[in-house]
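Morning, everyone. Please look at the model on the screen while I talk. I will begin with one pair of residues and work outwards.

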Amino acid sequence: MRLTPNLVRDSHTLIVSCFAVLIGVQLVLFGALARQHAMAAGFLPPPRGGWAEFLSGLPLERLLLYSLAVFICGASGVYWSVDYWLAQGMGNIQYPMVLRVLIIALTAIGVSIQVASAAFLASLFSIGRSER
């Protein structure tokens, strides 16, 4: 997609955007885990209001289900891309369409793995807190 005569938005822009999404998700999860650990260690007071309700509504099982749903969406995109490629005789494929689907699908898989890993780590923090 040409935005100006010298500025084109293509698959490379999508790759950069997906990396930004992965980095953003990682930073948000890092901040949430750091805050949870600081609260468990007593460095920060427990959350009040909406934040406490939000955190209590995200147990390990629910986060894993959300991660699984995002993973399945991503795996479906990868499956479609490979199936499309196989249908073309494993030769040259329509570069922009398949690549865009594949980039987004792999980003979804990466995000789902990050969220699932963070959910397990967060559950470890809560185990240590509940046994005291």
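Start with Trp-80 and Tyr-84. They sit four residues apart in helix 3, so about one helical turn separates them. A word on terms: helices (H or I, at least four residues) and strands (E, at least two) are DSSP runs, numbered from the N terminus.

Before going on, the ground rules. This is a predicted model, in which local features need pLDDT of at least 70 and side-chain atom pairs count only at pLDDT 80 or more, while totals for chains, interfaces and linings use all residues. Residues are numbered from 1 along each chain as its sequence is written, and side-chain values use heavy atoms, with hydrogens and water left out.

Back to our pair. How many aromatic pairs does the structure hold? One. Trp-80 and Tyr-84 form that pair, and the pair is stacked. Their rings are 5.3 Å apart, centre to centre, with 25° between the planes. The rule is this: rings of Phe, Tyr and Trp (its six-membered ring) pair if their centres lie within 6.5 Å. Planes under 30 degrees apart count as stacked, over 60 as edge-to-face, and the rest as tilted.

Is Trp-80 buried, exposed or partly exposed? Its relative accessibility is 33%, so Trp-80 counts as partly exposed. Buried means under 20% relative accessible area, exposed means over 50%, and partly exposed is in between (1.4 Å probe, protein chains only). Tyr-84, its partner, is among the buried residues of helix 3. The others on that list are Leu-63, Ser-67, Gly-74, Gly-77 and Ser-81.

Now the helix as a whole. Helix 3 covers residues 60–87, which is 28 residues. At 1.5 Å a residue it should span 40 Å, and its end C-alpha atoms are 40 Å apart, so the two agree. The expected span is 1.5 Å times one less than the number of residues. After helix 3 comes Gly-89, with a positive phi near 80°.

Let's zoom out. The chain has four helices and two strands. From the N terminus on, the order is β-β-α-α-α-α. There are 132 residues, and 22% of them are buried. The accessible surface comes to about 9100 Å², and carbon and sulfur atoms own 71% of that. Those areas come from the Shrake-Rupley method with a 1.4 Å probe; for residues, only the protein chains shown count as cover.

What about contacts along the sequence? Take the contacts with a separation of 6 or more: residues 24 or more positions apart account for 71% of them. Contact here means heavy atoms within 4.5 Å.

Here is one place to see that. Ser-112 lies in helix 4. Is Ser-112 buried or exposed? Its relative accessible area is 3%, so Ser-112 is buried. Which residues does Ser-112 contact, leaving aside its neighbours within four places in sequence? Ser-67, Val-70 and Phe-71.

Some C-alpha distances come next. Leu-68 is in helix 3, and at 44% relative accessibility it is partly exposed. Its C-alpha is 6.8 Å from that of Ser-112, although the two are 44 residues apart along the chain. Tyr-66 is also in helix 3, partly exposed at 47%. The C-alpha atoms of Tyr-66 and Val-115 are 8.6 Å apart, across 49 residues of chain. Then Leu-121, in helix 4. Leu-121 is partly exposed at 36%. Between Leu-121 and Leu-60 there are 9.3 Å, C-alpha to C-alpha, and 61 residues along the chain.

Stay in helix 4, residues 95–130, and find Ser-123. Ser-123 is buried, at 15% relative accessible area. Where does its side chain reach? To the backbone oxygen of Phe-120, at 2.6 Å.

Next, helix 1. Helix 1 has 31 residues, 11–41, and reaches 45 Å from its first C-alpha to its last, close to the expected 45 Å. Its buried residues include Leu-29, Leu-33 and Met-39. Gly-42 follows helix 1, with a positive phi near 90°.

Last, the cysteines. Cys-18 counts as buried at 8% relative accessibility, whereas Cys-73 is exposed at 56%. How many disulfides are there? Zero, by the rule that a disulfide is a pair of cysteine sulfur atoms within 2.5 Å.

That's my tour. Thanks for listening.

Terms used:
A polar contact is a pair of N or O atoms within 3.5 Å; within protein, one must be able to donate a hydrogen and the other to accept it, and residues adjacent in sequence count only if both atoms are side-chain atoms.
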